[in-house]
Amino acid sequence: MAILLSRRSNLLAVVVLLLCQLFLYATVSSSGSVLKQGGGEEFSEELLLKPFPDRKVLAHFHFQSRAPHSSSHGRHHHLFPKAIAQLVKKFRVKEMELSFTQGRWRYEQWGGFDPLSSNNAKPPGVELWAVFDVPQSLVDVYWRNLTHTLSGLFCASINFLESSTTYSAPELTFKPSFGNLRYGTLPREAVCTENLTPWLKLLPCRDKAGLSALMDRPSIYRGFYHSQRLRLTSSESGSDEVDSGIGLDQTLTVVLQPSSWRTGKTYSVETNIQPSWSISSIFGRNIPGKCVIAKSSNVYLQLDNGLVGELKNLERENAKYVANTFESEGFQSNHAFKISVTPDKVFEEVDNLHGKSTSVIYGFSVEKYSDSQPFDLGLTWKIPVVWSCQQAPLHASRFLMGSGNERGAIAISLEPTESSEGLPTSHIIDGRCELRVDIFQVVPWYIKVYFHTLQVFVDKQPRAMADVVDKIRVSPSKDKVSPGVMEMILKLPCGSKSAAFSLEFDKGFLHIDEYPPDANQGFDIPSALISFPSFNARMNFSEDEFLNNSPILSKFQETSPVLSYTEVLLIPLTTPDFSMPYNVITITCTVFALYFGSLLNVLRRRVDEEERILRSRAGHKAGWISQLLSRLSAKLRGRPQEQPTSSLPHSFISFRLVLKILLVASIAVTWQYYFG
Amino acid sequence: MLADDMACNARNKYPAQVFNNENHKLNLYGDNVEVDYHGYEVTVENFLRVLTGRHEAAVPRSKRLLSDEGSHILLYMTGHGGDEFLKFQDSEELQSHDLADAVKQMKEKHRFKELLIMVDTCQAATLFSQLHSPGVLAIGSSMKGENSYSHHLDSDVGVSVVDRFTFYTLAFFEKLNMYDNASLSSLFTSYNPTLLMSTTYYRTDLYQRKLEEVSVTNFFGSVMETIHTDSAYRTTHSRKTSETKMPLQESVKHDERRQLINSNVQDQTSDTKIEDKQCPFTRRWNAFQDKLEKIERIDSLVNYGFIIMFPLLLIIMFPLLLISTWLLPTFVS
């Protein structure tokens, strides 16, 4: 019986052991296979090139990284940057956009209506806005910690946005966020290589392979405008959206001027022709193949609708070139320009309501290129072409009025542009044709704006506010606590050509340690944001499966309002005399020294003491020289001579003293004589 | 800590490039530079906070000096200075006694083992005259009453690009190759007062070790370009110029008129002497680990290992089973 039991237990033990082994092996192999799959993360990279009418070229890099939600896939990432995933998790960020910009986007020449300008023209300096998924009372705390973390991550002084005088909470002009949105901007932040380095380190291929290998730092920072942007969206796993999880879009927009010496051609005769350029001439490098981990890697060349329309007009004028039309043969040889690489795909915009011509995008895939056969796209112009980019309905600009150190006024003017003539009738509301304009402006607390002085001018005639302003939300500034925020929704009548606003302010005083070291340069008022919600900056393309996978093209198809930023204003404030603290300290110390010195003297010193000391010294006068002298003086004055008591040390001392004086005098004389 | 934005300044003819020589051969600003404190953040308060480690809770790790009691710290300061002070941003000064107090705090909190302070300003030696913490070595480019001068003017860029003291320091390092074991005393004595137009002064009274025994890599070290070689470490004196290029790249940013404070972070001490005293077990374990590292496809090895383990186990367990079930009871009962 005991033997049977022991045998059975042994067998059971062996069976259990074998089962454990099987189970372990199964789990190991399955986890191995999951790791090979990659956990559903994706990365794609794209580059868009676009010539501008003023002889410049736009290069727009777009890197998109998607990671599924962490609860289903753990905290391991193999493509997605862990720093960003941790940031999203720690600060409960729902949406965030951070941009570093240097330069001003020239709306007149570079356009303001297309999705590229709307989304990528940012105010100079740093702009950060974030929506949090926390209760409203905690949003400020999370915002502060987020600014500190971002400043450490991107080597920028974003931590200056932690103080409540720099950020604001807009509600009307951004999408509804129930009070969880915070917006802050630093207009004077310098952007340089140290901001690009950590931005590139978030990419899986860094700047070593793929499209990011093009980023030659001197070429980028030589541009007329460069802006690097980071956009984060995070959605809960509970929602049924297709792309839940974290999405990271990194874009770098650079406007460069192809220099004629690089292409090696001279334009002495035909200076009207746009400069020919290629990727290697503007960046100094070629694309050495794609980043191996990227799902897709494409380069696009966009000819915007103004250019396409102009080319078609030129074709119609030169009837003999009918055989070589732009549409039929288009790509490589054309009467107007030549592209060095045959495009793999051509996309044409459809349904363009805003003009007769549609823009064309040529797509090139970088998959078949490699280090030995790099990709270099070049555009050569054959005839001079002049065109203009489509602009926003109204051109916004902002300036200061008034002079002096006490008061002034801020004025925003909306001027008509050429595209405002053919305004569509799609925004007829309540039978009246109206143009809706949203204005969002933040003014620091030391520029004390008086909102009751807001004046509106339409077509240069003053109007009552109630006629034009539909909604206005104002948060007046509190000294040293919060800035002044103004959000306005205007409804301008369709036939109006221009509009202008003016707002008066008083200049405030700052504490001496609130002044920056270069206080005499002035203080900045950040850019105002003007948006036209009734217009959509989007491009429609014919339905294509490819488009959904391309980050740039799918972004073009998104509905977003037309945005434009005004200039940053520089206001000189009165500066104190910064040497005053030093002066005050010196004067006070002198006064104290004099007062206490004389007080101590008065209290401590006895008046007769000096005379007594002198007399006692005189009593000890000895030495034959001093005796002689005293006798002489006694005789001269006719007084009785005192009897000096002679003591040897004193005479010795005085003798030595006289000798010393003689010695020093002789040395001085010889020194002066020989070296003087 | 860089107070001014020099590389991407609108006035810089060579954007994103900072040179230290007229020949523009080397771009100091590089492709991977990271600056932790720049612009208005460069203040005496932030500098002292970095040294002493007294930051607010929200300050991220990349902005902290994460040093401990084994760290060697190089502190290089340049700009305008005078008798017992250094200018910050044209509006503040760092006093010598403040620096001495900060270093004393650092020593008490065990934030460094050895600290080298290099100062390249006018009357630089006065800045560290108040130091009294052990383990600190300091060298200044000029003594009290002397000015420090710039080396040469780059007429293309329009400013003087390097100071004399820094220029000769870099010249010393450029002459070294990977296998030289130069000591700090050779560095400190390499400065020629006639060429520098000022007298360098260094104090070693707070430093216990002899300067002849301390190599320069105790404080200076940076990897500019790693070149992967399969061959073993050679002892021949082959000159590999790419590896000794600019060991001071992170700590050297030049301009006579601009402010530059750079507290460069440390090299951990590498005690190679421990290896000699290892017992045979650890030596064998290390050899085993080295062998393991050389195996390339480790996961396939593990998988195969699991597969092999089954029959092995069966083979091992079978005799045990036999013994336990049949043989033992016969012995017992």
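Two strands pair if DSSP finds at least two bridges between them; strands (E, at least two residues) and helices (H or I, at least four) are DSSP runs numbered from the N terminus. This is a predicted model, in which local features need pLDDT of at least 70, side-chain atom pairs count only at pLDDT 80 or more, and totals for chains, interfaces and linings use all residues. Residues are numbered from 1 along each chain as written, chains are lettered from A and ligands numbered from 1 in written order, and side-chain values use heavy atoms, without hydrogens and water.

Q: Which residue stands opposite A:Pro51 in β2(A)?
A: Strands β1 (residues 42–51) and β2 (residues 57–67) of chain A pair in the antiparallel sense over 10 bridges. Opposite A:Pro51, in β2(A), stands A:Val57.

Q: Which are the edge strands of the open sheet of 12 strands in chain A?
A: The order is β5-β6-β4-β3-β7-β8-β2-β1-β10-β13-β12-β26, with mixed pairing. Pairing on one side only marks the edge strands, β5 (167–168) and β26 (540–541) of chain A.

Q: How far apart are the end C-alpha atoms of helix α2 (residues 96–108) of chain B?
A: The expected span is 1.5 Å times one less than the number of residues. For 13 residues this should be 18 Å, and it agrees with the end-to-end separation of 18 Å.

Q: Within what arc do the buried residues of α2(B) fall?
A: Among the buried residues (under 20% relative accessible area, 1.4 Å probe, protein chains only) are B:Leu99 and B:Val103. Seen down the axis, they line one face of the helix because the directions from the axis to the C-beta atoms fall within an arc of 160°.

Notes: Buried < 20%, exposed > 50% of the residue type's maximum accessible area, 1.4 Å probe, protein only.
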